[in-house]
Amino acid sequence: MKLAKKSVLGVALSGLISLGAQAGNVEVLHYWTSGGEAKSAAVLKQLLEKEGHQWKDFAVAGGGGESAMTVLKSRAVSGNPPSAAQIKGLDIKEWADLGFLTQLDAVAESAGWDQLLPGVVSDVMKYDGHYVAVPVNVHRVNWLWANPEIFQSVGVDIPKTWGEFIEVADKIKDAGYVPLAHGGQAWQDATVFEAVVLGEGGAEFYHKAFVEHDQATLTSPKMVEILATFKKLRNYIDSDSAGRDWNIATSMVINGKAAMQIMGDWAKGEFTAAGKKPGTDYLCVAAPGTSNAFTFNIDSFAMFDVKGSGSKEAQADLARLIMEPQFQETFNLNKGSIPARLGMPRANFDSCAHTSMDDFVATSKSGGLVPSMAHGMSTTSAVQGAIYDVVTNYFNSDSLSAEQAADKLARAIKAAI
Ligand code: GAL
C-alpha cells in the first residue's frame, strides 16, 4: 500500500517511518527542451511528483541527444550518474554491458510488460533477457511535414517520390519560398539521408546498409545514385541553415516561410504546441517513396544504480508510471509519437498518429519496419558517428563526388564496426 503521497504530511511521514513507500529524488537526464518536448517531459515530472517524489531536472539541450550523451558519459565516468537517463537503442546495451544499469524486472513482471509491448520494442529494452530500460513511445522518423497554403499558392502536389520532390521544390523555390526547412547539424543531415536511402533503395536495401553494414550494398551503384539525389536537396535549403535547431526549422513550415521539412514526428509536437491541426494547418505524409516503410525510433529511460531506498523506490515508481496508460497517452499526445504500449485507445490521437499506428502494424508484417540509423536504433554509436561524419561532410562541401562518398561511407563503417 502506498501512502496518500499528495499530502505534505504523508510525504513527511514516509520519510520518518518505514511504512512501505518512501519519497525519493530522481535526477532525470533528458534532451527535451523544445516547446513540444518540454510539455511532454512535464507530464512525467507531474506524475512523479504526484506520488510524492522529487524530480530533479537535468536537461541538456541539443536535438538528437549528442550533447546529452557527452554530459552523461562524463558524469558516469566521475562516478556520479543521474538516476534516470534518456538512453535509447543500442546505447542501452552498451551502458548495461558496462555494468551501469539497474534491472527493472520486478516492476516489469508485476505490470506484465512482456504482454504489453510489441517484441520489436521490448527487445530494445532488454539486456541479457532482463529489462534495463522502459519505453515512452514510438517515433516514426520518415515523415514529410508540409505547409498546405504554400503548395496551394504555388499550384503543386505533395511529392510522392524523390524525383517529384525535386520537381516540386524547383517550383516552390521559383515562387520565393524555402522548399526544405532544415538545420545544418550532423544528425539532421543523417535524418534526411536515411529518408532518401529508404525512399530510393527500399526497406531491404536500407536494412543491408544500416543494420547489416553490407559492403557491396554500401558501395553499390544504387547507393551512389542515392547519394547524388541526397546532395541535390542542398539546393532547396536556405543559406542560414548552418547550426539551426530542428524546431526552428519546423517553425519555418509553421510560419509559412518554408514548404516542407523531413523530420521525425517530434516535429508534430511543435505544430501541436503552436495550436495547429493536421489536415488543415499542416500535412503529414510519409517521406517520398516511403509510404510502405516505417523507420522507428523508440525513446526510453534507463535507470542507473542508485543508493538509498527512497531513491530506489522513486526510480521504480518512475519506471512503473512510464508504462501506465495515463502517461503513455498524455505524453505522446504532446510529443507527436505513438504509445509504445499495446492496446491503447486511439480516440484522442490525431490523423497523423492514426497513420503512424496503422503503418507500424502493417510494416511490421510486410518487412517495411526498419530501425532508424540517424536515431541510434540500427547500429552502435561508433558506427552511427562514422556515418554522420561522412554524410555531413559530403552534404555540406563539394570535396567528394557521390562515388567517393559511397566508398568513404563503406570504409568508415567497416573501421567502426
Ligand atoms: C530524437 C529523439 C526525440 C527528439 C529528437 C530531437 O532522437 O528520439 O525524442 O527529442 O531527437 O531532439
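Reader: Why do you say the ligand lies between domain 1 and domain 2?

Author: Keep in mind that this is a predicted model. Domain 1 (8-139 + 297-359) and domain 2 (140-295 + 372-416) each give residues to the shell around the ligand, so the ligand lies between them.

Reader: What makes you say that residues of domain 1 and domain 2 are in contact?

Author: Contact here takes heavy atoms within 4.5 Å. By that test, 28 residues of domain 1 are in contact with 29 residues of domain 2. The C-alpha centres of the two domains, by comparison, lie 29 Å apart.

Reader: Which residues come nearest to the ligand?

Author: There are 13 residues around the ligand, and Glu 37, Lys 88, Asp 299, Lys 335 and His 375 come nearest. The shell divides into four nonpolar, five polar and four charged residues.

Reader: What makes the pair between Asp 299 and the ligand a polar contact?

Author: The cut-off is a pair of N or O atoms within 3.5 Å. A polar side-chain atom of Asp 299 sits 2.6 Å from a ligand oxygen atom, so the pair passes. Lys 335 also uses a polar side-chain atom, 2.7 Å from an oxygen atom of the ligand. With Gly 64, a backbone N or O atom is what lies 2.9 Å from a ligand oxygen atom.

Reader: How much of the ligand's accessible area does the protein cover?

Author: On its own the ligand has 300 Å² of accessible area, and the protein covers 100% of that. The space the ligand takes is the largest cavity.

Terms used:
Residues numbered from 1 in each chain as written. Predicted model: local features only at pLDDT ≥ 70, side-chain atom pairs only at ≥ 80, totals over all residues. Heavy atoms only, no water. Near = heavy atom within 4 Å. Polar contact = N/O pair within 3.5 Å; in protein donor to acceptor, adjacent residues only side chain to side chain. Areas by Shrake-Rupley, 256 points an atom, 1.4 Å probe, with all protein chains shown as cover. 1 Å grid on protein atoms, 1.4 Å probe; cavity = no way out; pocket = protein on both sides within 12 Å on 5 of 7 lines; lining within 4 Å. Sits in = over half its atoms within 2 Å of the grid points. Nonpolar A, V, L, I, M, F, W, Y, C, P; charged D, E, K, R; others polar. Domains from an automatic or database assignment.
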